[in-house]
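This report walks through one protein chain, moving from a single side chain to the strands, the helices and the confidence of the whole. Please keep the structure in view while reading.

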Amino acid sequence: MYKFILFPLIPLLILGLLSTGISQYYIKQELNENNRSTLELASEYIDLILYELDALSYNFDSNMTMVITLKRVLKNSTLTYMDHKLLNLVQTTLFSQTSSKPYIHSIYLYYRNNNNRFISSDVSGLSHVNRYNDNQWYDSYMNRTDHSPSWSELRKVRMYSFETEPINILTLYKRLYSSGMTTGDGLVVLNLSPQYLEGIFQEIIGKKK
């Protein structure tokens, strides 16, 4: 009697197992596809950020007249009318990047000079390392023992005097090379907001669910 009960159940059991296996396979395929799409979108955002850094460095590396003038601006204690015009142009360019792209916190432009001056994207413009709240980037640059064209680090900094607690900053560094030089004599510093980037990635993941 048990045989008459079990035999009809065997095909149903096999079909059930096959159905479960097939369902799990397609669910896994769908998850893999969603993960792949999420990674591709995240990669596009990262590529966009790296493009910003490359574009900034190329903008200065390719314009030797601007580089020569900038070096003079950072070196001399007094500036000519044309020096001021160029300084305003550069600062406006840097500021436009930070104001139009919320994931960019700030940008610094530096060429080696005895005055330890650099140009910031914020209102201070022409700044001095020793008088600026954020000078860890300068120490990182000066203490770098290799000749890597670019690197990054996560930093905790107090950007402004009114801030009671330091904030997290993801800093991307890219060396600038003057004409005929094999080692960099300048630097573009791109400070990013990790919280904003995390929000973007969370939004991507949320859309894919």
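In which strand does asparagine 191 lie? In this predicted model, asparagine 191 belongs to strand β6, and with a relative accessibility of 0% the residue counts as buried, since the cut-off for that class is under 20%. The side chain of asparagine 191 makes a polar contact of 2.8 Å with the side chain of threonine 171. Apart from neighbours within four places in sequence, the residues in contact with asparagine 191 are Tyr103, Ile104, His105, Ser106, Tyr108, Asp134, Arg155, Ile169, Leu170 and Thr171.

**Overall composition**

The protein chain contains five helices and six strands, which follow one another along the sequence as α-α-α-β-β-β-α-β-β-β-α. Of the 209 residues in the chain, 36% are buried. When contacts between residues at least 6 apart in sequence are considered, 57% of them join residues at least 24 apart.

**Strands β4, β5 and β6**

Strand β5, residues 167-176, is mostly covered, with seven of its 10 residues buried. Strand β5 pairs with strand β4 in the antiparallel sense over eight bridges, and serine 152 has leucine 172 of β5 as its bridge partner. Strand β5 is also joined to strand β6, again in an antiparallel arrangement, by seven bridges, and here the bridge partner of lysine 174 is valine 188 in β6.

Arginine 175 is found in strand β5, and despite its charged side chain the residue is buried, with a relative accessible area of 7%. Which backbone oxygen lies 2.7 Å from a polar atom of the side chain of arginine 175? The oxygen is that of serine 148, while the backbone oxygen of aspartate 146 lies 3.1 Å from a polar atom of that side chain. Leaving aside neighbours within four places in sequence, arginine 175 is in contact with a longer set of residues, including Asp61, Tyr141, Arg144, His147, Pro149, Trp151, Gly184, Gly186 and Leu187. Aspartate 61 stands 114 residues away from arginine 175 along the chain, yet their C-alpha atoms are separated by 9.6 Å.

The separations quoted for the side chains of asparagine 191 and arginine 175 can be set side by side.

| Side chain | Partner | Separation |
|---|---|---|
| Asparagine 191 | Side chain of threonine 171 | 2.8 Å |
| Arginine 175 | Backbone oxygen of aspartate 146 | 3.1 Å |
| Arginine 175 | Backbone oxygen of serine 148 | 2.7 Å |

**Helices α2 and α3**

Helix α2, residues 64-75, has 12 residues and reaches 16 Å from its first C-alpha to its last, close to the 16 Å expected at 1.5 Å a residue. Its buried residues are Met66, Val67, Thr69, Leu70, Val73 and Leu74. Why do the buried residues of α2 line one face of the helix? Seen down the axis of α2, they fall within an arc of 170°, so they line one face. An α-helix has 3.6 residues a turn, so residues three or four places apart point the same way. On the face of α2 turned away from the buried side are the exposed residues Thr65, Ile68 and Lys75.

Helix α3, residues 81-100, contains valine 90, which counts as buried at 1% relative accessibility. Not counting residues up to four places away in sequence, valine 90 touches Phe60, Met66, Leu70, Leu109 and Ile119. Leucine 70 is 20 residues from valine 90 along the chain, and the C-alpha atoms of the two are separated by 9.0 Å.

**A loop residue**

Asparagine 116 is found in the loop between β1 and β2. Its phi is near 55°, a positive value in a residue other than glycine.

**Confidence in the model**

The protein chain averages a pLDDT of 76, and 68% of the residues score at least 70. Among the elements of the chain, strand β2, residues 117-120, has the highest mean pLDDT, at 93, whereas helix α1, residues 2-61, has the lowest, at 58. Over residues 2-6 the pLDDT is below 50, and beyond near neighbours in sequence this stretch has one contact in the model. Where pLDDT is low, the predicted coordinates should not be read in detail.

Conventions. Residues are numbered from 1 along each chain as its sequence is written. This is a predicted model: local features need pLDDT of at least 70, side-chain atom pairs count only at pLDDT 80 or more; totals for chains, interfaces and linings use all residues. Side-chain values use heavy atoms; hydrogens and water are left out. Helices (H or I, at least four residues) and strands (E, at least two) are DSSP runs, numbered from the N terminus. The expected span of a helix is 1.5 Å times one less than its number of residues. Buried means under 20% relative accessible area, exposed over 50%, partly exposed in between (1.4 Å probe, protein chains only). The arc is that of the directions from the helix axis to the C-beta atoms. pLDDT is the predictor's confidence in each residue, from 0 to 100. Contact means heavy atoms within 4.5 Å. Two strands pair if DSSP finds at least two bridges between them. A polar contact is a pair of N or O atoms within 3.5 Å; within protein, one must be able to donate a hydrogen and the other to accept it, and residues adjacent in sequence count only if both atoms are side-chain atoms.
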